[in-house]
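Visitor: Before we start, could you show me the model? I would like to ask how each label is earned.

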Amino acid sequence: MPVRTAELADRAAEVLRANDLGDMTAAAPRLYPHMWSWDSAVIAMGLARISVPRAITELRTLLRAQWSTGMIPHIVFADGDEDYFPGAGRWDSRSAPTAPRHVATSGICQPPVHAIALRAVLDAGRRAGGAERAAAEDFAAESFDAWLAWHRWLATARDPDGRGLVEIHHGWESGMDNSPRWDAAYAAVEPGEVPPFQRRDTLHVADTDERPTDDEYRRYLWLVEQMRRVRYDDDAVRETVDFRVGDVFMSGVLAVAGDVLADIGEELGRSAGAAESRDIAARFRSGVASTVDPATGLARDLDLRSGRWIATETVAGFAPLFSGGDPALLAAQRELFWGPRWCGHPALAYALPPSMSAAAEGLRPRTYWRGPVWPFLSWLFGWAFAHHGDAEGAERIRAAGLAQLAGGEFAEYYDPLTGEPLGSHRQSWTAAAALDWAAWGLGESPRRPPPPVTTPRSRCPARRSSRRAGSTRAGSRRPGRPAGASRAVPSPARTTSGAPCTGAVRGRR
Ligand code: 2M8
């Protein structure tokens, strides 16, 4: 039965509490028991609606895993959880002289959405005032250089020719792992010898068709192996790895994140850093614009090995809606976005962007990044619409997004045609998106959030004991564990950072 927005927000907050590992939030209870880079940014944005200190802790944990090069790794491994493959051992990050010593991470990155989270935390702190305001402002000042170093690394190690496109070395770096965007590049990868492996992801979904195939995984692991063998040295990886693509979506995100960080830098009086960030934003904005296909109006990735444009009809083609720029380009992209090949397609359950156009040949509505709608991505688009001054577009996405989530499963992704929840349930960034949407006032955008309505605080349920709480979906339980056996009994606790976590959402309708 659909739930009301207020109840949905409470349930979303409960999902984040249950997935809370103390100083990081698992991306999902079973399928993803560690911290993922871009998930954690979206999660921090959602947490900021509940507890500013806890949101800060999330970002701080991520930054503690930053490599000396500036790279923020795509996974920060939680201690002792072996139920994910490829895990810490397979990545062997500590073999890299530039990796942090005190924590195990992967050796690749993900889209740089973090400045958007930093902005959300800062705004939430300022709305709350008092100690939360001080904590948010201190954190922004303390972490500004680290975020800038991250962007700088992307703009140098990953764009050595100054093209304005972020080069990626694995589909996992795009975050859209098995998107049709990468089919041609992966087809050219001939996997060599990799140590034997057993996947764990397929144990945690109801239907293995919702996940990438074994053939895809062999290529994924071969690329990891190639990078591991050169100890993740940036130059050596570029020279040896069999997958090199200019990722237009990541570039669009870097452009807008560069501007957001520059704004923050200016507020902090960090003029040199702000100017550098602004330059990065401008370079990637024009890089993204240069990829737009005149025939379709969509932005394209560039296969750097073959030199060919990759013209698939995927949601990444809307990268200019993030990077911004030429008003005519943005107007054309918005028309396309709401038009019949995308959100206006008559067969869609909700007017939200599927990962692949519902009108495209080869749409796989249940398969991961080959068709389903991803709520966090809808949220990001809504944020981008608002950021570029289209509050009405943002509100349309918010309304449809909340309607899609009304079942309360907080699924990883949804069938665009039937609206069925798929993948993992109780996925953290889906809950974070719901929390933020629920908190917008009528007609308000995330740039101009409503004043806080502070409600009495309740304490958070236990952290470590609830690590395994979560998806009770049939078929996604661990073998041998009876139904419901993993449910933790909530008990009062605080985060390990000492920050209390409120049970109620502030400023919601
Ligand atoms: C998915 O990716 C991981 C690998 O990084 C996986 O399939 O095991 C993607 O959806 C990615 O974008 C996301 O960050 C991650 C965790 O939610 O899961």
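**The ligand and its neighbours**

Guide: Let's begin with Gly 175, where a backbone N or O atom lies 2.6 Å from an oxygen atom of the ligand. A word on the ground rules: this is a predicted model, in which local features need pLDDT of at least 70 and side-chain atom pairs count only at pLDDT 80 or more, while totals for chains, interfaces and linings use all residues. Residues are numbered from 1 along each chain as its sequence is written, and side-chain values use heavy atoms, with hydrogens and water left out.

Visitor: What makes the pair at Gly 175 and the ligand a polar contact?

Guide: A polar contact is a pair of N or O atoms within 3.5 Å (within protein, one must be able to donate a hydrogen and the other to accept it, and residues adjacent in sequence count only if both atoms are side-chain atoms). The Gly 175 pair, at 2.6 Å, therefore qualifies. Side-chain N or O atoms also pair with ligand oxygen atoms: Trp 36 at 3.0 Å and Gln 427 at 3.1 Å.

Visitor: Which residues around the ligand come nearest?

Guide: Of the 18 residues around the ligand, these are Asp 39, Tyr 84, Gly 175, Asp 177 and Tyr 368. To be counted as near, a residue needs a heavy atom within 4 Å.

**Helix 5 and its partners**

Visitor: Why is helix 5 called oblique or parallel to helix 11?

Guide: Helix 5 (residues 114–128) and helix 11 (residues 248–268) pack at about 40°, with axes 8 Å apart. That makes helix 5 oblique to helix 11, because under 35 degrees counts as roughly parallel, over 145 as roughly antiparallel, 65 to 115 as roughly perpendicular and the rest as oblique. The axes are lines fitted to C-alpha atoms, for helices over the stretch in contact, with angles from 0 to 180 degrees between N-to-C directions.

Visitor: How do you know which residues of helix 5 and helix 11 meet?

Guide: Contact means heavy atoms within 4.5 Å. Among those of helix 5 are Leu 118, Arg 119 and Arg 126, and helix 11 brings residues including Asp 263, Ile 264 and Glu 267. By class, this contact has eight nonpolar, no polar and four charged residues.

Visitor: What makes helix 3 and helix 5 parallel or antiparallel?

Guide: Helix 3 (residues 52–64) and helix 5 have axes that come within 10 Å and cross at roughly 155°. The two are therefore roughly antiparallel. Their crossing is left-handed, as is that of helix 5 and helix 11; the term applies if the near helix is turned anticlockwise from the far one by less than a right angle, and right-handed if clockwise.

Visitor: Which residues make the contact of helix 3 and helix 5?

Guide: Helix 3 offers Val 52, Ala 55, Ile 56, Leu 59 and Leu 62, and helix 5 offers His 114, Ala 117, Leu 118, Val 121, Ala 124 and Gly 125. By class that gives nine nonpolar, two polar and no charged residues.

**A bond in a loop**

Visitor: What is the peptide bond from Phe 85 to Pro 86, cis or trans?

Guide: The bond is cis, with omega near 0°. Pro 86 sits in the loop between strand 2 (75–76) and helix 4 (88–91).

Note on methods: Helices (H or I, at least four residues) and strands (E, at least two) are DSSP runs, numbered from the N terminus. Ala, Val, Leu, Ile, Met, Phe, Trp, Tyr, Cys and Pro count as nonpolar, Asp, Glu, Lys and Arg as charged, and the others, Gly among them, as polar.
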